[in-house]
Amino acid sequence: MSRLFVIGNGFDLSHELPTRFDLDFKNIAESFEQNENFWVLYQTEKADIWSDFENCLGTPDFNSLEEIFEGYEPDYLSDHESDRDAIITQVDLNANLTEELYAFAKQAETAINTTSPRSEYCDLFMPDDLFINFNYTHTLEILYHIHPKKVLHIHGEVGKDNLILGYPEGEYNPEKYYYDVRGKGTGPYANLDFEEYIEREAENDSIDYYTYTAYTNLAQKVRSFEKKYQIDDLKEFIAGVNIEEIFVIGHSCAIDFPYFNILNNSYPNVQWNFHPYDENTKECIIKMIRSVGIKYYRIG
């Protein structure tokens, strides 16, 4: 019989690692952006924690395009191609998350060298315990000497090309794009899905090649931030394992419901122990418990 620990970002935060969305990741990401206006797409003023940001990735707002591309409109009077395709280059240079994510994860991993294990975890963790770690860092392995084979980094880990970040699979629902039907700035106004709007404008020859390419590339890039759930990895990790108790430490439980659902179906009668990082996550935990149908639990 083993115990299973589900580890979230609150665990790393309790070790004072720089793993907050706001400010740690957001500061790094914004430093990579050539045009800060691209962040308006993700509505990041609403995001305080990782689950907020990931959900926002699935509801981009393309109504800020004029602000985003101000000054980069194609200039057909110029003899220089760069004056026409600058709008496309802006999409290539901005709204990228992968490089920023790896820089963020590396910074957090480096910070482990200047922190210490916490006594409550030293006393809690036992040799036969298993860990599903939603963090990219090796805090468990470095500070608590947990064998790597006992840790499943479900969202990838530092040092490997497998970091995962994004909106929940199948939940891409952008804000409607509002446009002036007659294009004269006086209305009437209507709304469409952004990608549908792009194609309609192209069919009507109402959009030039460079703008069309930039808009299309941007839509494809944002849509690509879909998080693929690593269901098979989780099932393989717990296959044949008898779990007597599940601990959830520092996970907001505001996202990643499919993983909790699998654990509950696999171990429907075990005791769950939730240890939220702060008071704000307790409500999310209760919603997840009700949604998944966990029967036996404690929150404290």
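In the predicted model, the side chains of Asp 24 and Arg 20 are joined by a salt bridge with an N to O distance of 3.1 Å. The two partners differ in their exposure to solvent. Asp 24 has a relative accessibility of 12% and is therefore classed as buried, the limit being under 20%. Arg 20, at 38% relative accessibility, is partly exposed. This pair belongs to a total of 13 salt bridges in the structure. In general terms, side chains of opposite charge can pair when their charged atoms come close.

A second pair is formed by Arg 84 and Glu 81, whose closest N and O atoms are 3.1 Å apart. Here the basic residue is the buried one: Arg 84 has a relative accessible area of 15%, whereas Glu 81 is partly exposed at 36%. In a third pair, Arg 118 and Glu 120, the closest N and O atoms are separated by 2.7 Å. Arg 118 is partly exposed, with a relative accessible area of 31%, and Glu 120 is likewise partly exposed, at 35%. Salt bridges also link Glu 54, Lys 227 and Asp 256 into a network.

Acidic residues also occur together on the surface. Glu 30, Glu 36, Glu 66, Glu 67, Glu 70 and Glu 73 form a negative surface patch. One of these residues, Glu 73, is located in the loop that connects helix H4 (65-68) to helix H5 (82-93). The relative accessibility of Glu 73 is 48%; this residue is partly exposed because the value lies between the 20% and 50% limits.

The protein chain contains 13 helices and ten strands. Along the principal axes, the C-alpha atoms of the chain occupy a box of roughly 70 × 40 × 35 Å. Of the 300 residues in the chain, 51% are buried.

The largest nonpolar core comprises 43 residues, among which Phe 25, Tyr 42, Phe 53 and Leu 218 touch the most other members. At least two residues of this core are supplied by each of helix H2 (21-32), helix H3 (50-57), H4, H5, helix H6 (98-111), strand S5 (177-180), helix H9 (194-203) and helix H10 (209-223). H10 provides the largest share, with six residues. In soluble globular proteins, nonpolar side chains tend to be buried together.

Two pairs of C-alpha atoms illustrate the relation between separation in sequence and separation in space. Asn 63, in the loop between H3 and H4, is partly exposed, with a relative accessible area of 33%. The C-alpha atom of Asn 63 is 8.3 Å from that of Leu 41, and the two residues are 22 positions apart along the chain. The other pair consists of Ala 111 and Val 181, which are 70 residues apart in sequence and have C-alpha atoms 53 Å apart. Ala 111 is part of helix H6 and has a relative accessible area of 19%, so this residue falls under the 20% limit and is buried.

Positive phi values in residues other than glycine were examined next. Glu 16 has a phi near 60 degrees, a positive value in a non-glycine residue. Glu 16 is placed in the loop between helix H1 (9-14) and H2. With a relative accessibility of 74%, Glu 16 is exposed, because the value is over 50%. For Cys 253, phi is also near 60 degrees, again a positive value in a residue other than glycine. Cys 253 lies in the loop between strand S8 (243-249) and helix H12 (257-266). In contrast to the exposed Glu 16, Cys 253 is buried, at 0% relative accessibility.

Methods: Residues are numbered from 1 along each chain as its sequence is written. This is a predicted model: local features need pLDDT of at least 70, side-chain atom pairs count only at pLDDT 80 or more; totals for chains, interfaces and linings use all residues. Side-chain values use heavy atoms; hydrogens and water are left out. Patches are made of residues with over 30% relative accessible area and no salt bridge: like charges are joined within 9 Å, nonpolar side chains (Val, Leu, Ile, Met, Phe, Trp, Tyr) within 5 Å. Accessible areas come from the Shrake-Rupley method with a 1.4 Å probe; for residues, only the protein chains shown count as cover. A salt bridge is a side-chain nitrogen of Lys or Arg within 4 Å of a carboxyl oxygen of Asp or Glu. Lys and Arg count as positive and Asp and Glu as negative; His and the chain ends are not counted. The place of a charge is taken as NZ of Lys, CZ of Arg, CG of Asp or CD of Glu. Helices (H or I, at least four residues) and strands (E, at least two) are DSSP runs, numbered from the N terminus. Buried means under 20% relative accessible area, exposed over 50%, partly exposed in between (1.4 Å probe, protein chains only). A nonpolar core is a set of buried Ala, Val, Leu, Ile, Met, Phe, Trp, Tyr and Cys residues joined through side-chain atoms within 4.5 Å.
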